[in-house]
Amino acid sequence: MKNFDAYSKLEELSLEAKQRHLAGLFNTDNDRFKKFNATMEGMVFDYSKQNITAEERNALLELAEQAELKAWIQKLLSGDKVNHTEGRAAGHTFLRDVNNPKPEVCNEWHKMEELVDRLHSKQLRGFSGKAITDVINIGVGGSDLGPLMITHALKGQRNVNAPELHFVSTLDGTQLQRLLKVLSAETTLFIVASKSFTTIDTLSLAKTAREWVEQHSQSEAGTMQHFVGVSTNVPKMQEWGILPDHQLQFWDWVGGRFSLWSAIGLTIAIQQGIAGFKAFLSGGHEMDVHFQEQPFENNIPVLLGLLGVWNINFLQVAGQAILPYDSRLKYLASYLEQLEMESNGKHTDREGGFVDYRTCPILWGEVGPNAQHAFYQLMHQGTERVMADFVLFATPAGKTERHKYHHNLNIANCLAQSRALMIGKTDQDTHKDYPGGQVSNTILLEKLDARHLGMLISLYEHKVFVQSVIWNINPFDQWGVELGKQIALEILEKIEQKDPSEFDASTQGILHSIWDINHEN
């Protein structure tokens, strides 16, 4: 990145940017919003509250040109092997073109539709002949966070015939045991979602679920009526015993954190119906088209990504807050934590050299009104500079006057917070002094439905890709998660042998403390 001419220019421009107050940009330009926003059908992206001038924006656009971003976008969307460390494409965008699908993708849609129709028509029955009433999704990471986030957001729009959905991901088993105590084995279906179908977290929970059903079922065939597998590894699904018509497949060119668009999104289809699932896909594809076709100066993912680069690499803002002003997006920040930090949390470039610049923000977030009473204190009066994305919807969740009142109150709070973070307030009492100058974007969508949610998620995916191109890193591998898995298996073996002597003193000490406590009890 530092080899580009635009980088030097941006470094020079940033010296002035660091000295000015954000509010001053509004004081000198009444038309600032018009000059610093971008739109597409269903979405307005306002970045006027960023500490940036037109000259600095132009330099960022030049940085994108010098990094050959346009060519990289074409590589991504045409299926080139952009994931070079694993030698494969990142083809998640192929999953959401509902008008021109790949044959193998279309085939999985048909299989998903058959399962969904059987569930909705009460024809998918368990070992006793009773219809399925509850579905538990067992998965971790991308097999959990994406579907959980979407189905929670769209729960109020669920198909009336859809069974209840539950999500289980924690290795300690408490989520699963809590559900097994209140649900019936006769009417519960488990979705075992794992890209490799070897993930110990997922398979250990699936084994517990299987043993629970076996306690009530009279046959292996009856037990397996209660399980659906979603994986790239068909042989492993078969080995586990998943019935052929209960196997759904996706492919190694779909990364785990991008897999909600694939059969991993089965829970979305169950809740919304296949038409609702395809509306979600269509929204994502609309953003793909925008990303591919719009010039950079009007391209929302490109601008969102470049603004992050400006803040992180030139203004030294390392924190990123995600602030949806809608409780239905409770899990959005958790989903984006994985999407961004697993993708761009890298310290080596594409050539294998170590980078000497920041590559990813530390991202967290919460539903806005809750966040106001939690960590906004740090943003308003703390010592850390933080960039924020406010997510807002123009249309209320309901049509009553009370819905409209609460919606207006929500809008007022969102705009008040972004404005307060920007302008601040000087007070002789230092305890009441607000520095201001905290930068933010506001992403305004028409309404919260499957289509617009698809647009929003696709936007952030492409933002991550834009930044990876500028930083010259591969956003599609995640070697950093492998070491911990490997060591966990080594420790598990030694736990069973009661011999941790080959590990460090801390690991040995904790294990011996656990054994002492359990011995005393």
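The largest cavity in this predicted model holds about 50 Å³ of space. It is one of two cavities of 30 Å³ or more in the structure. Its lining is made up of Gln50, Leu304, Leu307, Gly308, Asn311, Gln320, Met387, Ala388, Asp389, Asn441 and Lys463. Two elements, helix H13 (300–314) and strand S10 (386–393), each give two or more residues to this lining. H13 provides the largest share, with four residues. By residue class, the lining of the largest cavity comprises four nonpolar, five polar and two charged residues.

The second largest cavity encloses about 40 Å³ of space. Around this second cavity lie Leu95, Val105, Glu108, Trp109, Met112, Gln249, Trp251, Trp261, Ser262 and Ala263. Here the largest share of the lining comes from helix H6 (residues 103–120), which contributes four residues. Seven of the lining residues of the second largest cavity are nonpolar, two are polar and one is charged. Nonpolar residues thus number seven in this lining, against four in the lining of the largest cavity.

From the cavities, the description turns to the surface. There, Ile200, Leu489 and Leu492 form a nonpolar patch. Together these three residues have about 260 Å² of accessible area. One of them, Leu489, belongs to helix H19, which covers residues 482–497.

Conventions:
Residues numbered from 1 in each chain as written. Predicted model: local features only at pLDDT ≥ 70, side-chain atom pairs only at ≥ 80, totals over all residues. Heavy atoms only, no water. Patch = residues over 30% accessible without salt bridge, like charges linked within 9 Å, V, L, I, M, F, W, Y side chains within 5 Å. Areas by Shrake-Rupley, 256 points an atom, 1.4 Å probe, with all protein chains shown as cover. Salt bridge = Lys/Arg side-chain N within 4 Å of Asp/Glu carboxyl O. 1 Å grid on protein atoms, 1.4 Å probe; cavity = no way out; pocket = protein on both sides within 12 Å on 5 of 7 lines; lining within 4 Å. Points joined across faces, edges and corners; volume = space filled by probe spheres on them. Nonpolar A, V, L, I, M, F, W, Y, C, P; charged D, E, K, R; others polar.
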